[in-house]
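Thank you all for making the time this morning. I would like to take you through one model, beginning with the chain as a whole and ending with a single pair of helices.

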Amino acid sequence: MDHAPEPAAVRPPAAAYRNLLVATLGFTLTFWAWDLIAPLAADYRDRLGLSSFQQSLLVAVPVLVGSVGRIPAGALTDRFGAKLMFPLVSALTIVPVLLLIPARDSYLVLLLVGFLLGLGGTTFAIGVPLVNSWFPPSRRGFALGVFGMGTGGVALSGYFTPRIAAHGENLPFVVVAVALAVFAVLAAVLLTDPPDRTVPTASLASRLGRAGRLRVTWELSALYAIGFGGVVAFGVYLPTYLKTWYELSPTDAGTKAAGFALVTVVFRPIGGRLSDRFHPAAVTAGALAAVAVFAVVQAFDPALGPLGTIALLSMAAGLGAAGGSVFALVAQVTPQAQVGSVTGIVGAMGGLGGFLPPLLMGAIYSAKDSYSIGFMLLSDLALAGCVYAYERMRVRPPSP
């Protein structure tokens, strides 16, 4: 039976789709900037003689800073709005992107610039409250899933950055810097906060404190640390894994890693759309169950063609869908006035979930000459998240 047409009163206005499109574009570009180091990590390793752990730390530092930075970014967006925050953060990200050029010959300087590059990862906490405020509850899952496709910036970086670098080692940084500058201007002109946006009057610290006292904030954080954390971890470490374990060339490894990231991008709005039709906690549980199964398969080191590819792409689909469904759950159980603050904390925990695995995988490989333990740990975490989402989060009542 067809559904009755949705009342006009709850249909999103044209401005909602304009803001969604612009925010998704900006999220994609800043994520590309955030991930600029990872596709070139093998080159930095060869140039500077880095160990596996040093290489892992280099690609993980921007993830850490971008993750923690989402906490104040989300709260500041609640206060000042995305119309100010999005172009401002995009413009500021240009600075560390260009600093990567003179930093390439010093490991310490690269770490410092990577710290600053983390700024690009904070835009997630700016876009989610913007999109959430423009769309009615019945459309938020899909809209947030579409915005989440901006994580495809990792795929763009993995595919294009090494290819652009082949035409000039400084060229990727110049291209991304110019793109960010153009977007900052477009965002300042085209982005608008909703006219009925509630501006909080409490201090930043008190708003973050209230969000931190919500139990649901930490439940969502744990689930997002598994789902989105897995996406980020694979995005920054998969090229190294494929090059080290399967002995692929840097270009082939980057291409296959970009394919993995592309699958996560495609399945994120699918997870969001399914969450509009079914309970997002059930969708999250199903997605994480798939991750748990295929992580075990990959732990047995199958040949890349076809079983290894199937396992990696299936994990990508599950992680992408989980990312979309968890933020549909955020929109459902979080008070509207606190979405930015809660998003900042949840997004930070998701990013931190992506910070530790590359370091752990590098350390495990250095100690055991194998990645199997790392994939088994991922399976255990995904299974735990599956059970918790299904047994506990399905009974959470919606918040106003």
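What follows is a short description of the overall fold and then of one helix packing.

Let me say at the outset that this is a predicted model, and that the values I quote are computed from it. The chain has 17 helices and 0 strands, and its radius of gyration is 20 Å, close to the 21 Å that the globule rule gives for 400 residues, so the chain is as compact as a globular protein of that length. Taken along the principal axes, the box filled by the C-alpha atoms is roughly 60 × 45 × 40 Å.

Turning to burial, 57% of the 400 residues count as buried, while the accessible surface comes to about 15700 Å², with 71% of that belonging to carbon and sulfur atoms. If we consider the contacts in the chain with a separation of 6 or more, 85% of them are between residues 24 or more positions apart.

Now to the pair of helices: how are α8 and α13 oriented with respect to each other? Helix α8, residues 137–148, packs with helix α13, residues 250–277, at an angle of about 175 degrees, their axes being 7 Å apart; with angles over 145 degrees counted as roughly antiparallel, the two helices are therefore roughly antiparallel to each other.

On the α8 side, the residues that meet α13 include Pro 137, Arg 139, Arg 140, Phe 142 and Val 146, and among their counterparts in α13 are Arg 268, Pro 269, Arg 273 and Asp 276. By character, the residues of this contact divide into 4 nonpolar, 5 polar and 5 charged.

Conventions:
Residues numbered from 1 in each chain as written. Predicted model: local features only at pLDDT ≥ 70, side-chain atom pairs only at ≥ 80, totals over all residues. Heavy atoms only, no water. Axes fitted to C-alpha atoms, helices over the stretch in contact; angles between N-to-C directions. Helix = DSSP H or I, 4+ residues; strand = E, 2+ residues; numbered from the N terminus. Parallel < 35°, antiparallel > 145°, perpendicular 65-115°, else oblique. Contact = heavy atoms within 4.5 Å. Nonpolar A, V, L, I, M, F, W, Y, C, P; charged D, E, K, R; others polar. Rg over C-alpha atoms; globule rule 2.2 N^0.38 Å. Buried < 20%, exposed > 50% of the residue type's maximum accessible area, 1.4 Å probe, protein only. Areas by Shrake-Rupley, 256 points an atom, 1.4 Å probe, with all protein chains shown as cover.
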